[in-house]
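Here's a quick look at how one chain packs together and where it leaves some room. Have the sequence and the 3D view open as you read.

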Amino acid sequence: MNPRPADWDRLHDRLRQLWREEPRFARADLARVACPTTVYAAAHDEIIRLDHAKMLAASVAKGTFDLLDGASHFAMLQVPDAMARAIERHLVLVGDAKIVP
């Protein structure tokens, strides 16, 4: 999907740096997030570490965690129906929507 495959090495180097240094959110800062927040993670994500996603969800006062099975970092493309249901669960959780069959 990369529009410039010749730049792969540069992209990979930058991603390695990101993986070493992120996330940089302080748990105290995350605890001040007052709105209900759902952190989504994909079971086979090659970019975001599962433990980081779980930490983010656990650190937000009203945080929840939702794992998308059978997907990687591109879950919205790979499992769009599961992603839509996950978003619906969040909206119902915060009281902004009702799931209509």
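## Around valine 39

Let's start with one residue and work outwards. If you skip the neighbours within four places in sequence, Val39 is in contact with Ala53, Leu56, Ala57, Thr64, Phe65 and Asp66. Bear in mind that this is a predicted model.

## Two nonpolar cores

Which residues make up the largest nonpolar core? There are eight of them: Leu30, Val39, Ala41, Ala53, Met55, Leu56, Ala57 and Val60. So Val39 turns up here too, and Ala53, Leu56 and Ala57, from its contact list, are fellow members of this core.

As for where the core comes from, β1 and α3 each put in at least two residues. The top contributor is α3, which supplies four.

There's also a second core, separate from that one, with seven residues. Among them are Ala42, Leu68, Ala71 and Val79.

## The largest pocket

Now for the open space. The largest pocket holds about 340 Å³. It is lined by 20 residues, and those closest to the pocket centre are Tyr40, Asp45, Ile47, Ile48 and His73.

Which elements give two or more residues to that lining? They are α1 (8–21), β1 (37–42) and α3 (50–59). Of these, β1 has the largest share, at four residues. That puts β1 and α3 in both pictures: they supply the largest core and they help line the largest pocket.

By residue type, the lining splits into 14 nonpolar, three polar and three charged residues.

Definitions and conventions: Residues are numbered from 1 along each chain as its sequence is written. This is a predicted model: local features need pLDDT of at least 70, side-chain atom pairs count only at pLDDT 80 or more; totals for chains, interfaces and linings use all residues. Side-chain values use heavy atoms; hydrogens and water are left out. On a 1 Å grid over the protein atoms alone, a cavity is a set of points where a 1.4 Å probe fits but cannot get out, and a pocket is an open set with protein on both sides within 12 Å along at least five of seven lines; lining residues have an atom within 4 Å of a point. Grid points are joined across faces, edges and corners, and a volume is the space filled by probe spheres set on the points. Ala, Val, Leu, Ile, Met, Phe, Trp, Tyr, Cys and Pro count as nonpolar, Asp, Glu, Lys and Arg as charged, and the others, Gly among them, as polar. A nonpolar core is a set of buried Ala, Val, Leu, Ile, Met, Phe, Trp, Tyr and Cys residues joined through side-chain atoms within 4.5 Å. Buried means under 20% relative accessible area, exposed over 50%, partly exposed in between (1.4 Å probe, protein chains only). Contact means heavy atoms within 4.5 Å.
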